[in-house]
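Good morning, colleagues, and thank you for making time for this presentation. Please have the sequence and the model in view while I speak.

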Amino acid sequence: MTNHARPGGLTRRRMIGGLASITPAVAMAGTAAGTASAAAPDPYPALGADVVKEFRTAWDSYRRLAWGRDELRPVSGSGSDFFIPGGTLGLTIIEALDTLYLMELDSELNAGVEWVRNDLRLDQNAPVQVFEAIIRLVGGLLSAYAATKDRMLLDRARELADRLLPAFHRSPTGAPYRYVNLSTGEVRGTEAPLAEIGTCIAEFGELSRITGDRKYFDAAKKALKAVYDRRSRIDLVGTTLNVETGAWAGRTATLDPPVDSFYEYLWDGWTLFGDHDLKAWYDKLTAAVLKRLAERRAGRLWFRQADMTTGKATGHNQSELTAFYAGLLAQSGHLADGERYHDAWTAVLGKFRLPPEYLDYRTMKAVNPAYPLRPEYADSCLFLWLATGKDRYRARARDLYSRQKRHCKVANGYTVVDDVTASPMRLGDLTPGYWYSENMKYYYLLFAKASRFDYTDNYLSTEGNVLKGLR
Ligand code: DMJ
């Protein structure tokens, strides 16, 4: 959400309400709209400090046990690769940089920047997943550049984007291939999910803005258009597109992965860069989503799966990743639906100790019982708290934070859960990169007063990278 010169009433999903506008929100949280009595001490400053302490413990474990590797395996005390088997792109370091900056952990930030300067190798002769490389690495390098103004970080972001561009430029439709070889530019992966096609305009657009070279923004917009132009007569889009032929490979309309952030970046492209086409596309597709996919059950709002041509329901599952949509709805003029959708996910937490990865919302049973330390519910808490001033959203984040501490904490930090329904809960062995970039950043911004964050004018990407608003 952008809070300056807003195009609409509400700000964009990832832009945080301005300090001027959050002041009443924060004040309300302690009084009429709040839950604490006037005499009760404000728990949030201490919680903010606790978030930094927990982050620091996990970061220290990563430094000790997996420094330079993509991700930490905190249970076995080892590291693993995310993009390239046997090769690293320093994912956790790059994901953590702007969070380290916000938390004022400057010597750790410097160590990370020096790793990028001296050890990050982008010329590897191996394919990488284009979407993940853009949202995590290009976005992470750009937010680190915004934090430090170290030109080297911008140069690395641009170098990586240039190595990824063949995925867009070699595609007959403009929708990117899924994988590109960083060294040779060879592409593969013709059937691409919409999130992978459409989640690049924030990072690529920002790169164009900073460098003055339009080619990044143009490639990203062309990819979004490739999908929009193939919408059905009832304005639904499917799940997967063949990027060479332009034919739909998956015809299920859904907000769940692998589509989710496709919608988010249509809106973000409009609010970040003022592109009117993107707003018109977002509005048309969202109207169809609300008309065809929204389903009210027991007073709760959910979004079903449907055939993109007929609109006929084909499924009633929901992914935890779709919890982000509460914030997106709220910022794009659908606040009441956004709040209702967040209530639905809060009801899930009344039934499970942690939200399962997939749920059948008719039965409220877990379809996939994993909890990969997902950040989407906390993400929406942050946005909704700042947008509405209702303390309930900060309280909800506080609740999830304490559950995460109770169930996911291990000696070397935090790990994913394989089964939230098992007793005792069955743990996995991974701290995903996004935990450093998203979860802990959202909690920190919710609980602490981040002095290095501009609450009046900012932007956080789908990966939580602060591309605007660091000071
Ligand atoms: C993150 O990598 C991003 O938020 C992405 O858009 C989808 N969700 C994962 C974390 O769950």
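I shall speak about the pocket and the ligand, then two sheets, then a hairpin, and lastly some backbone details.

One point of caution belongs at the start: what you see is a predicted model.

Let me begin with the largest pocket. Its volume is about 490 Å³. The lining of this pocket is made up of 29 residues, and those that lie nearest the centre are F131, E132, D260, L321 and R374. Which helices each supply at least two residues of that lining? They are α5, spanning 130–148, α8 at 194–198, α11 at 261–273, α15 at 376–388 and α17 at 433–447. Of these, α5 gives the largest share, with four residues. As for the chemical character of the lining, 13 residues are nonpolar and 13 are charged, while three are polar.

I turn now to the ligand. The residues that surround the ligand are I135, R136, S261, L321, R374, P375, E376, Y434, E438, T462 and E463. Two of these names will be familiar from the pocket, since L321 and R374 are also among the residues nearest the pocket centre.

Which side chains place a polar atom close to a ligand oxygen? I can describe three such pairs in turn. R374 has a polar side-chain atom 2.7 Å from an oxygen atom of the ligand. For T462, an N or O atom in the side chain is 2.8 Å from a ligand oxygen. For E463, the corresponding distance from a side-chain N or O atom to an oxygen atom of the ligand is 2.6 Å.

Next, the sheets. One open sheet has three strands in the order β14-β15-β16, paired in the antiparallel sense. The edge positions belong to β14, residues 317–319, and β16, residues 365–368, each of which pairs on one side only. On average, neighbouring strands here are turned by 35° against each other, direction ignored. Within this sheet, β15, residues 358–360, pairs with β16 over three antiparallel bridges. If you wish to locate that pairing in the model, look for Y358, which stands opposite N368 in β16. The two strands also form a hairpin, with four residues between them, and M364 in the turn has a positive phi of about 60°.

A second open sheet of three strands follows the order β6-β7-β8, and its pairing is antiparallel as well. Why is one side of β6 and of β8 left without a neighbour in the sheet? Both β6, at 191–193, and β8, at 248–250, stand at the edges, and each has a single partner strand, so one side remains without a neighbour. Neighbouring strands of this sheet are turned by 35° against each other on average, again with direction ignored. Three bridges join β6 to β7, residues 240–242, in the antiparallel sense. There, E191 has N242 in β7 as its bridge partner.

As a general reminder, the strands of a sheet pair through backbone hydrogen bonds, in a parallel or an antiparallel manner.

Let us now consider another hairpin, formed by β10 and β11 with two residues between them. Strand β10 covers residues 294–297 and β11 covers residues 300–303; the two run antiparallel and are joined by four bridges. Along this pairing, A294 stands opposite F303, and R296 stands opposite L301. In the turn, A298 has a positive phi of about 50°.

Finally, some details of the backbone. Where are cis peptide bonds found? One joins P257 and P258, with omega of about 10°. P258 is in the loop between β9, residues 252–253, and α11. Another cis peptide bond joins S423 and P424, where omega is about -5°. P424 has its place in the loop between β19, at 417–419, and β20, at 426–427.

I would also draw your attention to K149, a residue other than glycine whose phi is positive, near 65°. K149 lies in the loop between α5 and α6, the latter spanning 151–164. Here we return to α5, the helix that supplies the largest share of the lining of the largest pocket.

Thank you for your attention.

Notes. Residues are numbered from 1 along each chain as its sequence is written. This is a predicted model: local features need pLDDT of at least 70, side-chain atom pairs count only at pLDDT 80 or more; totals for chains, interfaces and linings use all residues. Side-chain values use heavy atoms; hydrogens and water are left out. On a 1 Å grid over the protein atoms alone, a cavity is a set of points where a 1.4 Å probe fits but cannot get out, and a pocket is an open set with protein on both sides within 12 Å along at least five of seven lines; lining residues have an atom within 4 Å of a point. Grid points are joined across faces, edges and corners, and a volume is the space filled by probe spheres set on the points. Ala, Val, Leu, Ile, Met, Phe, Trp, Tyr, Cys and Pro count as nonpolar, Asp, Glu, Lys and Arg as charged, and the others, Gly among them, as polar. Two strands pair if DSSP finds at least two bridges between them. Axes are lines fitted to C-alpha atoms, for helices over the stretch in contact, and angles run from 0 to 180 degrees between N-to-C directions. A residue is near a molecule or strand if one of its heavy atoms lies within 4 Å of it. A polar contact is a pair of N or O atoms within 3.5 Å; within protein, one must be able to donate a hydrogen and the other to accept it, and residues adjacent in sequence count only if both atoms are side-chain atoms.
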